[in-house]
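Work through the exercises below with the model open. Try each task before reading its solution.

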Amino acid sequence: MALVAGVDSSTQSCKVVIRDAATGALVRSGTARHPAGTEVDPEAWWLALLEAIDAAGCLDDVSALSVAGQQHGMVCLDADGTVIRDALLWNDTRSAGAATGLVRELGDGDPPVGAKRWADAMGSVPVASFTVTKLRWLADHEPESAARLAAVALPHDWLTWRLSGSRSIETLTTDRSDASGTGWFDAVANTYRRDLLALALRRTEADVDDIVLPRVLGPSEPAGHGDPARGWGHVLLGPGCGDNAGAALGLALRPGEACLSLGTSGVVSAVSTAPIADASGLVTGFADATGHFLPLACTLNGSRVLDATAALLGVDHDELSRLALAAAPGADGLVHVPYLEGERTPNLPTATGSLHGMTLASMTRPNLARAAVEGLLCLLAGCVDAMRAQGVPIERVTLVGGGGRSEAVRVIAPAILGMPVDVPAPGESVADGAARQAAWVLSGAARPPDWVTTTTETYAAEPAPAVSARYQRAADAVATSVTITDD
């Protein structure tokens with residue numbers, strides 16, 4: 001029996017699953033925590049990966065491995081392969097002004113023109129999450145670090161590189177899905193746009209020719225083998241992918257189906273055979289891990305909205321669910337707009353959260369719990385609406401991620417989203433997608449293996465348009481009070 005390993009290196013932790021390459025059956029697994037924060041020394045990811053591999057029983061009998069990682073994180077390397085500074089993660093919003101500036105500059109001073117040019121060039125309009133904006137921030141605020149820059153990698157690129165044991169930056173690799181989130185990769189033409197890289201660094205295109213960008217591999221193209229010095233020389237390394245592409249691969253999404261991943265962030269993604277170019281910036285035109293595209297809308301705020309509300313009420317998540325389900329739909333008019341860490345969809349990185357409709361009747365513990373769940377789901381429903389506006393058909397949703405384990409989220413979601421919601425048995429869809437990719441690379445087949453690894457429960461409810469409308473009015477009020485500068 002051939003075994004494959006899938007790695008999910010997320011914001012909060014590293015998870016490793018080891019599965020039967022032929023059937024997908026889970027054999028064993030391991031996990032390790034990542035440090036908190038929006039900038040992290042990549043070495044912490046490496047140590048967590050080693051710990052998770054040990055917890056999963058090591059790689060002695062594993063034939064292939066792929067890494068799926070958090071997108072957009074900026075790993076800056078010098079000519080010797082040394083990390084120059086802590087990686088800025090996707091949820092670090094200090095580059096919000098840089099995003100505004102880059103859009104304006106590509107449009108020759110006209111932001112709408114710039115937004116269209118960015119969307120046409122790479123399928124997306126830069127926001128604070130994107131790597132390209134973080135690189136601009138680096139050029140403006142840490143010019144000494146920018147001057148040392150010899151290579152730029154993403155978290156999954158860097159971890160795959162470390163697994164290989166290589167110390168040469170020339171051997172860095174990536175895949176279309178993760179490269180499409182940098183801001184300097186055209187996923188339609190499958191080529192880097194060094195002119196956009198130069199724009200980010202405030203240099204000429206000739207001045208960035210020597211900066212190493214990871215070689216972009218095909219969806220089942222090997223990245224090499226593991227480090228022989230660690231006894232991993234027998235392990236075939238897959239190209240890896242971004243975490244959202246990994247989840248889509250793990251869930252085997254088909255057209256008309258979307259994945260709603262409720263973790264640190266909230267993500268709605270759907271596989272598409274056609275590229276998306278949304279000049280509004282609400283939908284990003286990423287690539288997937290199979291050679292197609294993965295239009296995606298993402299929120300900065302996800303399950304931590306529930307964490308914060310539970311902490312405020314002094315309860316655990318089970319009790320938070322019980323309270324929320326004890327309240328009537330609409331929470332007696334109490335509305336929570338959950339922009340607790342700014343927001344990406346809509347693009348309001350400096351916004352803060354707010355409570356609306358506070359009255360003596362509405363300010364109860366159950367209503368506060370219900371408003372948090374409804375507000376979070378209304379935020380995600382906005383992502384679904386944005387996807388549909390770009391012509392992406394979404395008829396049903398698969399709910400995954402830690403936040404999806406909340407019974408209140410499962411029960412209320414169909415009413416807010418207005419469609420059935422499928423909830424697989426608890427698992428690791430991102431790591432499973434990486435394992436499925438590893439099995440694909442190992443087999444050399446034309447398509448990934450067909451695995452059926454979990455059972456699914458379907459939730460349904462009557463739509464609740466009044467709740468959604470009340471939320472939208474409150475969210476619109478917040479948006480009109482927020483100003484974004486390019487300082």
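**Exercise 1. Determine the handedness of the crossing of α12 and α13, then describe the packing.**

Solution. The crossing of α12 and α13 is right-handed (the near helix is turned clockwise from the far one by less than a right angle; anticlockwise would be left-handed). The model is predicted: local features need pLDDT of at least 70, side-chain atom pairs count only at pLDDT 80 or more, and totals for chains, interfaces and linings use all residues. Residues are numbered from 1 along each chain as its sequence is written, and side-chain values use heavy atoms, with hydrogens and water left out. Helices (H or I, at least four residues) and strands (E, at least two) are DSSP runs, numbered from the N terminus.

Step 1: take the geometry. Helix α12 spans residues 365-389 and helix α13 residues 407-417. Their axes lie 9 Å apart, at an angle of about 45°. Axes are lines fitted to C-alpha atoms, for helices over the stretch in contact, and angles run from 0 to 180 degrees between N-to-C directions.

Step 2: classify the angle. α12 is therefore oblique to α13 (under 35 degrees is roughly parallel, over 145 roughly antiparallel, 65 to 115 roughly perpendicular, the rest oblique).

Step 3: list the contact (heavy atoms within 4.5 Å). From α12 come Arg-370, Val-373, Glu-374, Leu-377, Cys-378, Ala-381 and Val-384. From α13 come Ala-408, Val-409, Ile-412, Ala-413, Ile-416 and Leu-417.

Step 4: sort by class. The contact of α12 with α13 holds 11 nonpolar, no polar and two charged residues. Ala, Val, Leu, Ile, Met, Phe, Trp, Tyr, Cys and Pro count as nonpolar, Asp, Glu, Lys and Arg as charged, and the others, Gly among them, as polar.

**Exercise 2. Describe how α2 and α8 cross.**

Solution. Step 1: the axes of α2 (residues 96-106) and α8 come within 11 Å and cross at roughly 125°. Step 2: α2 and α8 are therefore oblique to each other. The crossing of α2 and α8 is right-handed. Step 3: α2 brings Leu-102, Glu-105 and Leu-106 to the contact, and α8 brings Leu-196, Leu-199 and Ala-200. Step 4: the contact of α2 with α8 has five nonpolar, no polar and one charged residues.

**Exercise 3. Find what Asp-61 pairs with, and place both partners.**

Solution. Step 1: Asp-61 forms a salt bridge with Arg-28, with the closest N and O atoms 2.6 Å apart. A salt bridge is a side-chain nitrogen of Lys or Arg within 4 Å of a carboxyl oxygen of Asp or Glu. Step 2: Asp-61 is in the loop between α1 (42-55) and β5 (62-69) and Arg-28 is in strand β3 (residues 26-33), so the pair ties together parts 33 residues apart in sequence. Step 3: Asp-61 is partly exposed, at 38% relative accessibility (buried is under 20% relative accessible area, exposed over 50%, partly exposed in between; 1.4 Å probe, protein chains only). The whole structure holds 22 salt bridges.

**Exercise 4. Compare burial across two further salt bridges, Arg-148 with Asp-78 and Glu-257 with Arg-254.**

Solution. Step 1: in the pair of Arg-148 and Asp-78, the closest N and O atoms are 3.1 Å apart. The pair links distant parts of the chain, 70 residues apart: Arg-148 in helix α5 (residues 143-148), Asp-78 in the loop between β6 (75-77) and β7 (87-88). Arg-148 is partly exposed at 41%, whereas Asp-78 is buried at 11%.

Step 2: in the pair of Glu-257 and Arg-254, the closest N and O atoms are 3.0 Å apart. Glu-257 is buried at 18%, whereas Arg-254 is exposed at 54%.

Step 3: look for networks. Salt bridges that share partners join Glu-39, Arg-85, Asp-92, Arg-94 and Glu-142 into one network.

**Exercise 5. Is helix α4 enclosed or open?**

Solution. Step 1: count the buried residues. Nine of the 11 residues of α4 (residues 131-141) are buried, so α4 is largely enclosed by the rest of the structure. Step 2: name some. Among them are Lys-134, Arg-136 and Trp-137.

**Exercise 6. Locate the backbone features at Pro-346, Arg-202 and Asp-332.**

Solution. Step 1: the peptide bond from Thr-345 to Pro-346 is cis, with omega near 5°. Pro-346 lies in the loop between β20 (335-337) and β21 (354-356). Step 2: Arg-202 is not a glycine, yet has a positive phi of about 55°. Arg-202 sits in the loop between α8 (194-201) and β12 (215-217). Step 3: Asp-332, also not a glycine, has a positive phi of about 55°. Asp-332 is in the loop between α11 (317-326) and β20.
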